[in-house]
Each structure stands twice: as C-alpha cells, then as structure tokens.
Amino acid sequence: SGVSVPKISPKEEALRDLKMDFEWGKGGFGSVMFVDLKFTNNGKHAVKDIEVVCRSAANSGTVIDKNKKTVYEAVQPGETKNIQRFNMGFLNSQATSTSCAVENLKIEQ
C-alpha cells in the first residue's frame, strides 16, 4: 500500500522550525565567549529553555572547545527574539571561529 511517512514528534518539529542566527565575540580579556542570538520561531509551538551549543575551532581547523548553555527565554510562534551578549562561558584563547546550533529545547504546554 502507500508509503508511510515517519511522524516526527512535536519537539523535533519545534527544533526544526526554530531558526537561530548568531554573532560571536570575546570578552573578559579574550577568555569569555559572548554571542548575540536571534531566534525566529517559524513553528506552531511556543518554545523555551533553548539549549545552544557552540563548537569553536583554532586556525588549524581543529575543534578545541565546546560551550553549552541554556537560554531561559520563551519564543512564541511567529516571534523573533534577540538576546544580546549572552555569556557562553570560558573560551580557549586559540579559538578563532565558532559554529553554534540549537541542540535542545522545551515546548511550552
């Protein structure tokens, strides 16, 4: 019969539909990572407690650091929320680039 389409959970759907843009910089004499985050919720669920993971690399391209923090904010469906200079914690001084992604969140019931 027909092809069954795997159903994704509301959480997977919310993760897929939450878009994040970021700009990063260093503070605290180059030892602390700050990110400006912009969350856009294109889904139908309100989300909160967004877990952001940044993996940072040195000039050689080797990933030398990983920072994981939870942003305790809620983003409603259709909303864009900006968070300025969010402290991601200590950063290896040799880190020259980073990529950040949302790895987890909660759906507001």
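K106 sits at 47% relative accessibility, so it counts as partly exposed. Its salt-bridge partner is D49, with the closest N and O atoms 3.4 Å apart. That pair ties together distant parts of the chain: K106 belongs to strand β6 and D49 to strand β3, 57 residues apart. Keep in mind that this is a predicted model.

**Salt bridges**

- The total comes to seven salt bridges, and the ones picked out here include the K106 pair.
- D49 has a relative accessibility of 17%, and because buried means under 20%, D49 lands in the buried class.
- So the K106–D49 bridge joins a partly exposed lysine to a buried aspartate.
- K19 pairs up with D21, and their closest N and O atoms are 3.2 Å apart.
- Is K19 buried or partly exposed? With a relative accessible area of 43%, K19 is partly exposed.
- D21 is partly exposed too, with a relative accessible area of 32%.
- K81 and E73 also meet through their side chains in a salt bridge, at 3.5 Å from N to O.
- E73 is partly exposed, at 34% relative accessibility.
- As general background, side chains of opposite charge can pair when their charged atoms come close.

**The three-stranded sheet**

- Strands β1, β2 and β5 make an open, antiparallel sheet, in the order β1-β2-β5.
- β1 (18-27) and β5 (80-90) are the edge strands, each pairing on one side only.
- From one strand to the next, the twist averages 20°.
- β1 and β2 (residues 32-41) run antiparallel and are joined by 10 bridges.
- Which residue of β2 is the bridge partner of F22? That would be L37.
- Helix α1 (residues 10-17) lies across β1 and β2, and runs at about 60° to β1.

**The nonpolar core**

- The largest nonpolar core takes in 21 residues.
- L37, F39, I50 and V52 have the most contacts inside this core.
- Elements giving two or more residues to the core are β1, β2, β3 (47-57), β4 (63-75), β5 and β6 (97-107).
- L37 turns up in two roles: it is the bridge partner of F22, and it is among the core residues with the most contacts.
- V52 touches M20, L37, F39, N67, K68, K69, V71, M88, C100 and A101, leaving aside residues up to four places away in sequence.
- So what does V52 touch among the other top-contact core residues? Both L37 and F39 are on its list of contacts, and both are named with V52 as having the most contacts in the core.

How values were computed
Residues are numbered from 1 along each chain as its sequence is written. This is a predicted model: local features need pLDDT of at least 70, side-chain atom pairs count only at pLDDT 80 or more; totals for chains, interfaces and linings use all residues. Side-chain values use heavy atoms; hydrogens and water are left out. Two strands pair if DSSP finds at least two bridges between them. Helices (H or I, at least four residues) and strands (E, at least two) are DSSP runs, numbered from the N terminus. Axes are lines fitted to C-alpha atoms, for helices over the stretch in contact, and angles run from 0 to 180 degrees between N-to-C directions. Contact means heavy atoms within 4.5 Å. A nonpolar core is a set of buried Ala, Val, Leu, Ile, Met, Phe, Trp, Tyr and Cys residues joined through side-chain atoms within 4.5 Å. Buried means under 20% relative accessible area, exposed over 50%, partly exposed in between (1.4 Å probe, protein chains only). A salt bridge is a side-chain nitrogen of Lys or Arg within 4 Å of a carboxyl oxygen of Asp or Glu.
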